Amino acid sequence: MPHLQILQDVFGYPAFRGPQLEIIEHVINGGDALVLMPTGGGKSLCYQIPAIARQRAGLGMSIVISPLIALMHDQVGALHEAGVSAAFLNSTLTGEEAHQVEQRMLRGELTLLYAAPERVTTPRFLALLDSLRQRGQLSLFAIDEVHCVSQWGHDFRPEYRALTVLHERFPGVPRMALTATADALTRDDILERLQLQDARAFVSSFDRPNIRYTIVEKRDGTQQLLRFIEREHEGEAGIVYCQSRRKVEDIAQTLVDAGVHALPYHAGLDAKVRQANQNQFLREEGIVMVATIAFGMGIDKPDVRFVAHLDMPKNIEGYYQETGRAGRDGLPAHAWMGYGLQDVVNQRRMIDESPAAEEFKQGLRGKLDALLGLAEATDCRRVRLLAYFGEQLGEGGNYSCRNCDNCLNPPAIWDGTQAARKLLSTIYRIQQSSGMSFGAGHLMDIVRGKVTEKVSQHGHAALSTFGVGADLSEMQLRGVLRQLIAMGAVAVDAQAFNTLQLTDKSRAVLRAEVSVQLRESASSPSERKRKRSGAGAAAIRAPIALDGAALERYAALKAWRAEVARGHNLPAYVIFHDATLATIAQRAPHSLGDLQGISGIGAKKLEAYAQEVLRVVAEV
Ligand code: ADP
Ligand code: ZN
């Protein structure tokens, strides 16, 4: 099998993962393909190996279309490290540099070219492709992040629409379209927009078993986040998502003050600063990026150990895409989200206030509801997530993934139906007696029987429901209210100071036709103290268990790798992954032969780095 040989020789990996082999065979043989695979699933090899195989068979070069201009340099650098001839064309190049790349294309020197969609569809570039095509030297189009073609995807880019020209102008050249966005609406849209109806679809399981999902009730979000990082991910790379630029700045500062190496990233920062922060995150170890969702698309850093959400995203697609950036290397990683009443209110308000058509808003609300359902779930989070993408885990109910908060620590559940009725009837009575509506804080005070200034001023102590919930904590009542809002039984009026109103759905709850089940607000597993091994806080963490001497070798190898990476102006993981260095450290190789067969060491890297690696190991 020539493709297995490419996998082993060029990339140094022993075996294909999941559906890679099937996809690669199909494309090498000239078929069109739609590849849906979760982040970290290994999409790049699905086009890189066919590109290499077809080039070797004399069929010419492959074009990879991607919107991720900032990453092209590193992607091409990684191919160079593996000994593959590649280049990129985008707006970061000078006219002269771009011209050089075009000349190399025409001379047949390249196996892969990465280009932005707006570049590919220029008349000049199309003419270049024509001349390659005429000589039978245009082998494949790989359209990455292809959900950008659909307005149902989360990142619509009009430039992608123009890519239909490829198949109209080069009908015989195989095309493959790749994405990590899986929902059916987006998928159908991609097929239609790019006229890929005849392409074979490869849909992988979207499960990411190495990611642990945890969703906690937000109290003092920032402190909870800080504890989560300090107790479970000290010194490790992670991403923290926040909704607003302002919050990004605040949280980044708080983390820095607490001794965490954190950097901010949002669209309001100067482009240079943004780029510098992203580079630092990619190139240095153990950095926490605090960011809006402007950050992260296509970030292919494999050793991100956690992704934390301090604000709730808009929908499950977004949540899954963002959390999917953790643990691409397949090693244990953590997706953590803090979630509270305010998140529900904010998200509902953003939809209500958007200028979109009502029908479109209805679609957005449905997507938000699915995410709220996930956050409120008392059963397996993974089952819920995958069900959203049309995938079923296990037979029947009660499946345990053993790697989400609910499966690891099943939450106690209490029946909040009575409490819900108390809240709803109080909202009703307030409205009746005052002819106006109030917000959540005032409602809680009345139900809990607290005589505040506002309560006295409006005579609300006289309401028949005053104090009916005195036995409940504010936290419990907030939980109930959050769920009522989540299920649409209470509406929040954004135009009027977030006041609360009854809806058509309130009646069913008041009549006790639907029940409200809530999780007990126990401290979540992530907040429990985790005992550290005796090694001390500054100890280096390896992805596999290493003894003292091996750990020293690992540290020395990492230091060497950092130097090489700096010299090549590339991220460290492009030289070798952590897992590769850890395996080397464990084996303590003395000869070239000892290095052979370690996952991640291909022929080119063996040639380039073996001597130095052996020297570093020998010197420890
Ligand atoms: P995606 O683009 O689907 O998010 P990548 O192509 O970046 O994922 O691959 C994720 C990681 O998995 C990369 O570090 C890649 O080198 C690694 N990888 C991919 N395929 C294999 C394989 N067959 N064996 C070992 N590692 C692999
Ligand atoms: Zn689970």
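Here is a short conversation between a student and a tutor about a predicted model.

Student: Why is E236 called buried or exposed, whichever applies?

Tutor: Its relative accessible area is the value to look at, and for E236 that is 15%. Buried means under 20%. E236 is therefore buried, because its 15% falls under that cut-off. You will find E236 in the loop between α10 (221-232) and β9 (238-241).

Student: How do you know that the side chain of E236 makes a polar contact with the side chain of H233?

Tutor: The two side chains come to 2.8 Å. A polar contact needs a pair of N or O atoms within 3.5 Å, one able to donate a hydrogen and the other to accept it. The 2.8 Å pair is within that limit, so it counts as a polar contact. Leaving aside neighbours within four places in sequence, E236 is also in contact with G286, I287, V288, R305, F306 and R541.

Student: Now R402. What makes R402 exposed?

Tutor: R402 has a relative accessible area of 66%. Exposed means over 50%, so R402 with its 66% earns the word. R402 sits in the loop between α16 (381-388) and α17 (405-408).

Student: And why is N569 called partly exposed?

Tutor: For N569 the relative accessible area is 43%. Partly exposed covers what lies between under 20% and over 50%, so 43% puts N569 in that class. N569 lies in the loop between α23 (548-568) and α24 (572-575).

Student: What makes the phi of R402 and of N569 worth pointing out?

Tutor: Most residues other than glycine have a negative phi. R402 is not a glycine, yet its phi is positive, about 60 degrees. N569 is not a glycine either, and its phi is positive at about 55 degrees.

Student: Let's turn to the sheets. Why are β3 and β7 called edge strands?

Tutor: The open sheet of seven strands runs in the order β3-β4-β2-β5-β6-β1-β7, with parallel pairing. β3 (86-89) and β7 (200-203) each have a single partner strand, so one side of each is left without a neighbour in the sheet. Neighbouring strands here are turned by 20 degrees against each other on average, direction ignored.

Student: How do you know that β3 and β4 pair?

Tutor: Two strands pair if there are at least two bridges between them. β3 and β4 (residues 112-115) have four bridges, in the parallel sense, so they pair. As an example, A86 has L112 in β4 as its bridge partner. Helix α5 (residues 95-106) packs on this sheet, touching β2 (61-65), β3 and β4, and its direction makes about 135 degrees with that of β3.

Student: What makes β8 and β10 the edge strands of the six-stranded sheet?

Tutor: That open sheet has the order β8-β13-β12-β9-β11-β10, with parallel pairing. β8 (211-217) and β10 (262-265) each pair on one side only. The twist averages 15 degrees from one strand to the next. β10 pairs with β11 (residues 288-291) in the parallel sense over four bridges, and in β11 the bridge partner of Y265 is A291.

Student: One last thing: which residues line the second largest cavity?

Tutor: They are I427, I430, Q431, M436, S437, F438, L443 and L500. Helix α18 (residues 417-434) gives the most to this lining, with three residues. The space in the second largest cavity is about 60 Å³, and a search of the whole structure finds six cavities of 30 Å³ or more.

Methods
Residues numbered from 1 in each chain as written. Chains lettered and ligands numbered in written order. Predicted model: local features only at pLDDT ≥ 70, side-chain atom pairs only at ≥ 80, totals over all residues. Heavy atoms only, no water. Helix = DSSP H or I, 4+ residues; strand = E, 2+ residues; numbered from the N terminus. Axes fitted to C-alpha atoms, helices over the stretch in contact; angles between N-to-C directions. Contact = heavy atoms within 4.5 Å. Buried < 20%, exposed > 50% of the residue type's maximum accessible area, 1.4 Å probe, protein only. 1 Å grid on protein atoms, 1.4 Å probe; cavity = no way out; pocket = protein on both sides within 12 Å on 5 of 7 lines; lining within 4 Å. Points joined across faces, edges and corners; volume = space filled by probe spheres on them.
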